[in-house]
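Hi,

Here is the structure I promised to pass on. Have a look at it first, then read my notes underneath.

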Amino acid sequence: KTVVLISDGEDHDASAVSTAKNLAEQGVMINTVGIGSAEGSTIPDPATGDIKKDEAGNPVISRLNEEILKEIAAATNGTYTRLESSDAAV
């Protein structure tokens with residue numbers, strides 16, 4: 001059993017690594033693919049074409065967190081790949 005997780009790795013779940021370890025005990029391998037940049041960038045809203053904003057009206061910035069993606073992959077004997085180009089990631 002394998003999961004391919006494509007993410008910027010932002011921390012939306014504090015238990016991501018422990019969940020990965022539990023999955024590893026069940027024989028699941030998680031291969032992670034990091035997208036985005038460490039500097040971060042705004043997120044376009046495909047429905048409106050505008051930049052996504054938080055509740056306060058500030059632009060939402062997405063930043064790549066490679067460390068958490070590497071931890072998740074390592075916890076399950078998976079691999080981490082940074083998506084710099086689709087050919088390289090494949």
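Below is what turned up on two valines, a surface patch and a pocket.

Keep in mind as you read that this is a predicted model.

Let me start with the two valines. Valine 4 sits in strand S1, which covers residues 2–7. Its relative accessibility is 55%, so valine 4 is classed as exposed, the cut-off for that being over 50%. Valine 33 belongs to strand S2, residues 29–34. With a relative accessible area of 14%, valine 33 is buried, because that label goes to anything under 20%.

What does valine 33 touch, leaving aside residues up to four places away in sequence? Its contacts are Val4, Leu5, Ile6, Ser7, Leu69, Tyr80, Thr81 and Leu83. There is also a distance you may want to look up in the viewer: from C-alpha to C-alpha, valine 33 and glycine 9 are 9.1 Å apart, with their positions 24 residues apart in sequence.

Val4 comes back on the surface. Together with Ile6, Ile35 and Leu83, Val4 makes a nonpolar patch of about 330 Å².

Now the pocket, in case you want to try some docking tools on the model. The largest pocket holds about 220 Å³ of space. Its lining has 15 residues, and those closest to the centre are Gly9, Glu10, Asp13, Ala16 and Ile68. Which elements supply at least two residues each to that lining? They are S1, helix H1 (16–25) and helix H2 (66–75). H2 contributes the most, with 3 residues.

Cheers

Conventions. Residues are numbered from 1 along each chain as its sequence is written. This is a predicted model: local features need pLDDT of at least 70, side-chain atom pairs count only at pLDDT 80 or more; totals for chains, interfaces and linings use all residues. Side-chain values use heavy atoms; hydrogens and water are left out. Patches are made of residues with over 30% relative accessible area and no salt bridge: like charges are joined within 9 Å, nonpolar side chains (Val, Leu, Ile, Met, Phe, Trp, Tyr) within 5 Å. Accessible areas come from the Shrake-Rupley method with a 1.4 Å probe; for residues, only the protein chains shown count as cover. A salt bridge is a side-chain nitrogen of Lys or Arg within 4 Å of a carboxyl oxygen of Asp or Glu. Helices (H or I, at least four residues) and strands (E, at least two) are DSSP runs, numbered from the N terminus. Buried means under 20% relative accessible area, exposed over 50%, partly exposed in between (1.4 Å probe, protein chains only). Contact means heavy atoms within 4.5 Å. On a 1 Å grid over the protein atoms alone, a cavity is a set of points where a 1.4 Å probe fits but cannot get out, and a pocket is an open set with protein on both sides within 12 Å along at least five of seven lines; lining residues have an atom within 4 Å of a point. Grid points are joined across faces, edges and corners, and a volume is the space filled by probe spheres set on the points.
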